[in-house]
Each structure stands twice: as C-alpha cells, then as structure tokens.
Amino acid sequence: IFYRSAIASVSLVSVGAVIFGILVYWLNEISHPFASRLLPPLPFVFFLIASAILQITQCMGIYLRAHKKEPFLLLNVITGFCVGLLVWVFGSQHGSVGAGLSYLFMVGVVLTPVGTLIWNRRRSEWQAE
C-alpha cells in the first residue's frame, strides 16, 4: 500500500507543479496584473521542483512515523537551519533566484538523499525485528 500511495502522491504533486508552472509562465506572458504578485517564472519553477522532490521525503517520513519513531528529526532541524541560512545569504545577493536555488539545492542534494539513506537503514532494521 505504501508504494502505491507514495507514487500516487508524488505524481499528483508533480502534475500540480507542472500545471502551476505553466500557469505562472502564461500569466507573465500575457502581462496579467496578478503575475506581478507572484515570483517570476524561473524562481517559481525552482520552488515547484523542490516541492515535488520534497514530497518523496515526506512520504518516507510518513512511513517511518507509522512505526511511532522520528528518525528524521535531526536531519529536518539541520536542513531547516541550512535552508534559512542559504536563502538569507543567496537571497540577499541574488534575489528570488538565489533563494529558489538555495532551497532546491538543500532539498534535492541534501535532504532527499540523506533522508533516503535513513529510510533504507531504518526500514531494514525495523523489518528485521
């Protein structure tokens, strides 16, 4: 059940991200007044991609929490601090593009790979019990 639900969840978030990305691009192309209230398309897409990738880690977290344990706590605290720091540093230097790339980097290069390692290790340990 977990894998089917996770695939459905990640697929739904990914399709939603594509739809929202196209919508923001289109609003900017037609110069709609609402577009000025949103991020420009490029940084918006960075955040959308990060959200779709983050959904994978969220699914793994739900699986692990079903065992009434929280092995992602330290990882989430560290990455949350690093995201804030990187967004502050690169966002102040490069604006929304720097903030979006910082968030995408932390989610895609740090949080998801390390979370996958934790998930694989804990799942193997708990299934062996």
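This passage describes the helices, the nonpolar core and a few selected residues of a predicted model.

Confidence is a good place to start. The pLDDT averages 94 over the chain, and 100% of the residues score at least 70. Among the elements of the chain, the highest mean pLDDT, 96, belongs to helix 1, and the lowest, 94, to helix 3.

Helix 1 runs from residue 2 to residue 29. Its 28 residues reach 40 Å from the first C-alpha to the last, which is close to the 40 Å expected at 1.5 Å a residue. The buried residues in this helix are A6, V10, A17, G21, V24 and L27. A general point helps in reading such a list: an α-helix has 3.6 residues a turn, so residues three or four places apart point the same way. The cover over the buried residues of helix 1 includes helix 2, which spans 41-65. Just after helix 1, S31 adopts a positive phi of about 55°.

Q55 offers a closer view of how helix 2 meets the earlier part of the chain. This residue lies in helix 2, and its relative accessible area is 19%; Q55 therefore counts as buried, the cut-off being under 20%. Leaving aside neighbours within four places in sequence, Q55 is in contact with S9, V10 and V13. Of these partners, V10 is itself among the buried residues of helix 1.

Attention now turns to the nonpolar core. The largest one holds 14 residues, and the members that touch the most others are L64, F72, L75 and W119. Helix 2 and helix 3 each supply at least two residues of this core, with helix 3 giving the largest share, 7 residues. As a general background, nonpolar side chains in soluble globular proteins tend to be buried together. The surroundings of F72 can be listed in full: beyond residues up to four places away in sequence, F72 touches T57, M60, G61, L64, G115, I118 and W119. Two of these partners, L64 and W119, also appear with F72 among the core members that touch the most others.

Aromatic side chains add another layer to the picture. The structure holds 6 aromatic pairs. One of them joins Y63 and W119 edge-to-face, with 5.7 Å from centre to centre and 70° between the planes. Because Y63 lies in helix 2 and W119 in helix 3, this pair ties together parts that are 56 residues apart in sequence. Both Y63 and W119 are buried. Ring pairs also link these two residues with F2 and Y3 into a cluster.

Two further residues of helix 3 round off the account. T79 lies in this helix, which covers residues 73-128, and counts as buried because its relative accessibility is 6%. A polar atom of the T79 side chain lies 2.8 Å from the backbone oxygen of L75. When residues up to four places away in sequence are not counted, T79 touches M106, V110 and L111. W126 is also placed in helix 3 and is buried, with a relative accessible area of 13%. Its contacts, again not counting residues up to four places away in sequence, are L64, H67, K69 and P71. By contrast, the C-alpha atoms of W126 and L23 are separated by 43 Å, and these two residues are 103 residues apart along the chain.

How values were computed. Residues numbered from 1 in each chain as written. Predicted model: local features only at pLDDT ≥ 70, side-chain atom pairs only at ≥ 80, totals over all residues. Heavy atoms only, no water. Helix = DSSP H or I, 4+ residues; strand = E, 2+ residues; numbered from the N terminus. Expected span 1.5 Å × (residues − 1). Buried < 20%, exposed > 50% of the residue type's maximum accessible area, 1.4 Å probe, protein only. Contact = heavy atoms within 4.5 Å. Polar contact = N/O pair within 3.5 Å; in protein donor to acceptor, adjacent residues only side chain to side chain. pLDDT = per-residue confidence, 0-100. Core = buried A, V, L, I, M, F, W, Y, C linked by side-chain atoms within 4.5 Å. Phe/Tyr/Trp six-rings, centres within 6.5 Å; stacked < 30°, edge-to-face > 60°.
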